Amino acid sequence: MDAQGPQALCDLCLAQVCCSLDALCSKRADGSICLSWAPLFPQEMADQLLRKMATKGILNCTTVGIFRNCKELRLRRASIRGCSVSAEAFRLALCPHRLQELDASWVSGGLTGANIVIGLASNPECRSSLQRLSLTGLHVDSQSLAGDGGTRVGFSSLQGLRTLNLANTDLTDAVLDDICTLPQLESLDISCSAVSKLTTLLDCKNTLRSLIIHRLRQLDMSSARLLFVLSQLHALRHLDFSEDHFAVDDSDGKDGDEMLRQLLEGSPQVLPSLVSLDISGRKRITEAAVRAFVEARGGLVFLGLLATEASSCDVLSSRKNLKVTGEANEDQVCEALRRYRDRECFIREALVHLYNLTTDIDKPRPDILKLVLSAMQSHTTSLHVHLVATACVFNLTTQDLAEAMPLSLLSSTVTQLLYAMKTFPNHQQVQKNCLLALCSDYILQDVPFDKYLAAMLVINWLCSHEDPTLQRMAVAVISILVAKLSTEETTQLGKDVFIMKLLAIVQQKAMVGVVDSTLKFALSALWNLTDEMPTAARNFIECQGLELYEEVLESYYTEPSIQQKVLGLLNNIAEVEVLQADLMREELLEHILSLLQDSQVEVGVRYFAGGTLAQLASRPEAWTLGDELRSTILKQLHASIMTWTQLEREMVSYRSFSPFCPLLQTLQPSGVQLWAVWAIHLVCSQNTSHYSSMMEKEGVTELLKALAAHPDTHADIKGLSDSILRMVEQHHCHSESFCNQKGPQNS
């Protein structure tokens with residue numbers, strides 16, 4: 001299910017441009033790139049291209065050079081958030097544009113707030129056009145805020161600024177003094193900065209509508225002075241005076257808490273325009289104070305009360321238009337996840353409550369999963385966030401819930417789970433949460449994500465940990481993922497260290513004779529790892545896998561599910577000519593022959609026993625045991641196969657029919673030919689559309705026709721060959737008929 005539908009054509013085109021920059025661009029002398037030819041982009045599309053490059057992680061000092069072309073690529077709302085851009089690259093590429101908005105939050109590459117302000121102020125148009133500027137997380141470098149010749153250049157040079165975000169910066173009181181002279185300043189965020197005094201805010205008391213002063217650790221003002229300053233901001237509609245409750249001890253923030261108490265319990269004539277107040281994390285706030293504030297302010301639309309223990313106040317539920325962040329119910333928790341995306345302290349708190357709310361969830365909630373994913377993407381290095389978020393992901397996608405989620409959302413979520421596994425490789429609970437979420441047939445089979453990366457992460461974890469519960473899940477995930485990988489990817493996973501780990505698990509289980517899911521998944525993983533993988537098969541042999549498997553085959557004689565997986569791997573080895581000599585062990589082959597002959601043994605087991613023996617007996621020049629044994633094998637192959645009943649369930653799938661081609665030659669013994677033809681008939685009858693094209697491509701159809709036409713071919717083999725050819729022909733006729741019906745028609 002994917003309720004989001006297909007991507008917009010514009011998004012697809014811009015993504016293609018991002019992927020093709022090397023082909024579309026040429027290099028300048030300074031190493032930056034420019035578009036070799038560029039049409040006049042619609043203005044909004046230029047903004048979207050810049051944003052797309054930033055979100056894809058390809059925007060840097062080199063690639064940003066395409067935006068030096070101000071005529072065809074005209075930027076207005078520019079975002080370089082989280083990118084690595086130098087001061088020089090920024091000056092040349094972005095400053096010439098008539099920008100209205102710029103988000104340069106968390107930019108790396110040495111770009112400072114001073115570089116940005118001086119660069120923008122060098123463009124006379126930007127001085128008046130720029131309305132929104134976000135420099136979250138940057139080094140302001142206030143000492144450098146001076147232009148050539150000593151002319152002072154500061155934020156006040158950007159006279160059009162209405163919204164300014166300087167959260168998580170080294171903003172000083174002196175720079176704040178300069179900012180507050182801006183004539184149109186309406187919104188200011190100086191959270192987590194080095195500001196100690198707020199008196200200068202009085203200079204913009206008639207314009208400032210939104211003030212965010214979350215966690216001002218160096219604030220040095222008495223409660224009375226602080227309340228006086230804030231009470232003079234007559235136009236203020238939103239005030240955020242929240243605190244990081246994880247970082248504050250009981251002795252901190254008393255002046256701020258006292259100011260808030262007076263504000264909450266005081267007259268509504270103080271800050272009369274206020275409709276939004278955030279005091280989350282202020283642990284000394286009482287329900288009585290909250291009740292008084294809400295009852296006195298009928299126009300209130302938002303109240304932040306997360307981590308205050310006051311969000312259960314009864315008056316809150318009676319105000320339908322009032323949005324609240326808190327922990328009292330699902331609405332409050334989800335509102336917190338929406339509003340506090342960039343604040344780790346509150347995201348952590350909200351996720352803990354969300355986990356408790358979703359433990360027994362029984363309906364799909366893609367809206368909540370999106371919020372959890374957003375939290376993980378916003379705090380990629382936070383162990384605390386990922387610890388709880390990954391547990392929430394499991395709650396929200398467990399059992400059948402995943403199948404009702406949009407596929408693109410699940411894909412992004414799994415990608416983030418893999419990122420968590422990679423980032424926190426030694427944290428057992430994070431790994432466990434991720435494995436729990438991944439251990440879903442639907443997710444592993446149907447959701448698109450980097451399955452090779454997932455397999456590598458899981459198998460690397462498996463090699464360094466012994467936890468039995470996690471071991472079972474890890475082996476289960478690997479066994480499914482390996483079957484989804486390309487030949488090249490599977491080769492990388494077939495290294496001896498990985499083979500040894502899986503064999504160690506098999507040996508551990510076999511020593512006590514246990515039959516459990518861990519053993520079965522480990523055997524399946526080894527089977528898939530060696531499928532048409534000669535190197536992995538060689539590694540298996542060199543790690544003493546044959547000796548172990550011979551013991552397992554004998555000790556699990558009454559367990560067909562185990563025998564089938566063991567024989568499936570031996571079949572893989574037998575397909576590799578250079579490894580057939582390693583299987584020339586008389587006791588082993590006699591045991592496999594006994595399984596082939598035993599009518600009480602399941603057909604699935606006899607099938608793989610027959611495949612192993614057919615491969616080995618097909619090359620008389622490589623046979624090193626007694627001729628009598630080979631003759632018996634060939635005779636019993638034919639006799640046994642003719643007693644097999646057709647299987648309804650899918651038992652095996654093949655990457656290709658290449659290993660069958662030598663067995664289908666007209667000179668091969670009938671027992672060898674019959675096994676190969678029976679195997680092809682089995683898979684074709686279960687999935688004709690898939691295997692018919694494979695047969696045509698690999699020349700199997702022609703081999704079957706030759707067999708059917710040869711005078712010495714046994715009647716049993718001719719019958720099965722003709723049946724396969726009829727299936728393929730019927731499928732082709734049906735496909736052609738369908739295409740003709742769908743094709744253009746003449747009127």
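**Exercise 1. State how many helices and strands the chain has, and decide whether the chain is a compact globule or more spread out.**

Solution. The chain holds 33 helices and 12 strands. The model is a predicted one. For 747 residues the globule rule gives 27 Å. The radius of gyration is 35 Å, well over that value, so the chain is more spread out than a compact globule. Along the principal axes, the C-alpha atoms fill a box of roughly 105 × 60 × 60 Å. Of the 747 residues, 53% count as buried.

**Exercise 2. Classify the aromatic pair of Trp644 and Trp678, and say which parts of the chain the pair ties together.**

Solution. The count of aromatic pairs is 13. For Trp644 and Trp678, the ring centres are 5.0 Å apart and the planes make 85 degrees. Planes over 60 degrees apart count as edge-to-face, so this pair is edge-to-face. Trp644 sits in the loop between helix H29 (627–641) and helix H30 (670–686), and Trp678 in helix H30, so the pair ties together parts 34 residues apart in sequence. Both Trp644 and Trp678 are buried.

**Exercise 3. Treat Phe657 and Tyr691 likewise, and decide whether each is buried or exposed.**

Solution. The centres lie 5.5 Å apart, with 40 degrees between the planes, and the pair is tilted. Phe657 lies in the loop between H29 and H30 and Tyr691 in helix H31 (residues 688–698), so parts 34 residues apart in sequence are tied together. Buried means under 20% relative accessible area. Phe657 has 0% relative accessibility, so Phe657 is buried. Tyr691, with 3%, is buried. One aromatic cluster includes Trp644, Phe657, Trp678 and Tyr691.

Definitions and conventions. Residues are numbered from 1 along each chain as its sequence is written. This is a predicted model: local features need pLDDT of at least 70, side-chain atom pairs count only at pLDDT 80 or more; totals for chains, interfaces and linings use all residues. Side-chain values use heavy atoms; hydrogens and water are left out. Helices (H or I, at least four residues) and strands (E, at least two) are DSSP runs, numbered from the N terminus. The radius of gyration is taken over C-alpha atoms; the globule rule is 2.2 Å times the number of residues to the power 0.38. Buried means under 20% relative accessible area, exposed over 50%, partly exposed in between (1.4 Å probe, protein chains only). Rings of Phe, Tyr and Trp (its six-membered ring) pair if their centres lie within 6.5 Å; planes under 30 degrees apart count as stacked, over 60 as edge-to-face and the rest as tilted.
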